[in-house]
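Here's a quick tour of the fold, going from sheets to cores to a couple of loop residues. Have the model open as you read.

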Amino acid sequence: MGRIVGEGEVAFLDLREAGPFSEGHPFFAVPCPWSRFEERVVALVPRRDVPVILIDGGDGIAELAARSLECLGYSDVSFVEGGVPGWSEAGFTNFKGVHVPSKTLGELAEEHLHPRSLGPDALSQWRDEGRPFQFYDCRPAAEHMKMTVPGTTYLPNGELLHRLETLPAETPIVVTCAGRTRGIIGAASVGLVAPDREIFWLEDGTQGWRLSGRELAHDLPEEKLPALNDGAAAATEARSLKFLAREGLEMLEAPEVDALCSENGVTTYLFDVRAPEEARRDPLPGFAAVPVVSLVQATDQEIGVWRARVILADDLGLRGAIAAYWLRALGFQTFVVRTSDALRGRSVAPKPTAVAERVLRISAAEALADFETGNARLVDVRPSGDFATGHVRGSIWTIRPRLHDLPSDIGRLHLVGDETARADLAAFTLRSTGAFDAAVVDGGMTALTAAGAEIETSSPMPLSEALDITSFADGRHRGNLKASQLYLAWEKGLVGQLSDTERGLFRI
């Protein structure tokens, strides 16, 4: 525990799949599931000499992962003896849920910054009275389009501040998310940067709305973000400079980015926090495009090294500034850089390969012929939900942590994957055992379908089998009110579970 919460950088990686991880993990454990481990770790932990600590389910996978890391050039690798069960036996707390540090940050923001909230009943009363207000869903577009509180407009965190000058200044703003974190962060962000604006967050978001007995809107059309004119852009830039100066956040020039990236002994992450469509139109070499709302809400999906350095690129600076503020509160060293031709012209080394050795590949037509004549089995290693949606009739599903459960007499295997490295990594693992003759089907499921494979669907797997599905509070977004109650109680109880050491690592 001391190495994790002490001084200096450390990567603490949990190798279990999404289901077991969500049912309980150490507070600062970053999910890096074994099914995609080598593919994910090179992005999560880009510096090869940073200390890496692995934890598994007490099943020996940490030792396999340690060997993989050594093959990839990582030089300081250790693992927790006994895995998560051993962690519990040592008296340390395991936290349910996902994105726990970011979720806790939201609860601490409410506790310290007190952004004003509005309950579903109060909001409905505002509507009944005809009181004017602006109502925004501060989540990413896909979540807003899937379901939201009726009457919202898509304007996610980060973009709300960036485009604030385009919104009526005299009308109150209400923001909502699916639960609590993004609503709290969105309202608190506006309060920090623009205290002249009246803003509220909707208590418990879409789930609180449903628990109040009200219905949600589903399958909304795609919306465009409001455009900035020159005057709004100038005002946004001015707010950015004022906020950066007040909070002691540093703005870099483009040449300084390369200087910091070349510094030995420090892990540096580069993120482009502009809106996704902006980042697609104007890519910055070496910068991962991650909007503010996602980076702050799910930091552990993007950053695997605690106390690392983070550089955030933005055009006017305000999106980068607010992301820097919240990431600094999580313990990272943060900087902001303005987009420029110098950033666009950066020279970036190619990313390292995820699989240390080549694996045997086979065409979809050959694999299908082998399968239909009984000379081979098709083993589908795609996500369990994708398998249920459609798979080759007669194929079987498994996941990398359960490859050892395949019958020893199963014979020749052709692995069906997707655009990720799942199938390659599974084939590499099978080959290393020497017990299976395995090849990866080129083009995966898409190629098999084109080759004439018979496709069938199946019912979703039980969560005990589908290890890759987040099981904690499952169903809360499908109308399961008990799951929503469990989830909201979990969010509200996170701060109370913190040890003094864990709480002391946040900077609010």
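## Sheets, cores and a buried loop

Strands β16 and β17 run parallel and are joined by six bridges. Strands here are DSSP E runs of at least two residues, helices are H or I runs of at least four, and both are numbered from the N terminus. One bridge pairs alanine 313 with valine 337 in β17. Before going further, a word on the ground rules: this is a predicted model, where local features need pLDDT of at least 70 and side-chain atom pairs count only at pLDDT 80 or more, while totals for chains, interfaces and linings use all residues. Residues are numbered from 1 along each chain as its sequence is written, and side-chain values use heavy atoms, with hydrogens and water left out.

**Two open sheets**

The β16/β17 pair sits in an open, five-strand sheet with parallel pairing, ordered β12-β17-β16-β13-β14; to count as paired, two strands need at least two DSSP bridges between them. At the edges are β12 and β14 (288-289), each pairing on one side only. Helix α16 packs on this sheet, touching β16 and β17, and its direction makes about 160° with that of β16. Contact means heavy atoms within 4.5 Å; axes are lines fitted to C-alpha atoms, for helices over the stretch in contact, with angles between N-to-C directions running from 0 to 180 degrees.

The other open sheet also has five strands and parallel pairing, in the order β5-β10-β9-β6-β8. Its edge strands are β5 (117-118) and β8 (153-154). Four bridges link β6 (residues 134-137) to β9 (residues 173-176), with glutamine 134 opposite isoleucine 173. Helix α10 (residues 181-193) packs here, touching β9 and β10 (199-202), at about 175° to the direction of β10.

**Cores**

A nonpolar core is a set of buried Ala, Val, Leu, Ile, Met, Phe, Trp, Tyr and Cys residues joined through side-chain atoms within 4.5 Å. Buried means under 20% relative accessible area, exposed over 50%, and partly exposed in between (1.4 Å probe, protein chains only). The largest core has 99 residues, and Leu13, Phe37, Val41, Val45, Leu54 and Trp326 touch the most other members. Helix α16 (residues 318-329) gives the largest share, nine residues. Apart from this core lies another, of 16 residues, including Val381 and Phe428.

Helix α13 (residues 254-261) has Ala254, Val257 and Leu260 as its buried residues. They fall within an arc of 115° seen down the axis, so they line one face of the helix; the arc is taken from the directions from the helix axis to the C-beta atoms. Their cover includes β12 (250-252), β13 (268-272) and α17 (341-344).

**The loop between β21 and β22**

Isoleucine 399 is in the loop between β21 (396-397) and β22 (412-416), and arginine 400 is there as well. Which residues does isoleucine 399 touch, not counting those up to four places away in sequence? They are Glu17, Ser35, Leu467 and Asp468. Isoleucine 399 is buried, at 4% relative accessible area. Arginine 400 also counts as buried, at 4% relative accessibility.

The side chain of arginine 400 makes these polar contacts (N or O atoms within 3.5 Å; within protein, one able to donate a hydrogen and the other to accept it, and sequence neighbours counting only if both atoms are side-chain atoms):

| Partner of arginine 400 | Distance |
|---|---|
| Tryptophan 34, backbone oxygen | 2.7 Å |
| Glutamate 38, side chain | 2.8 Å |
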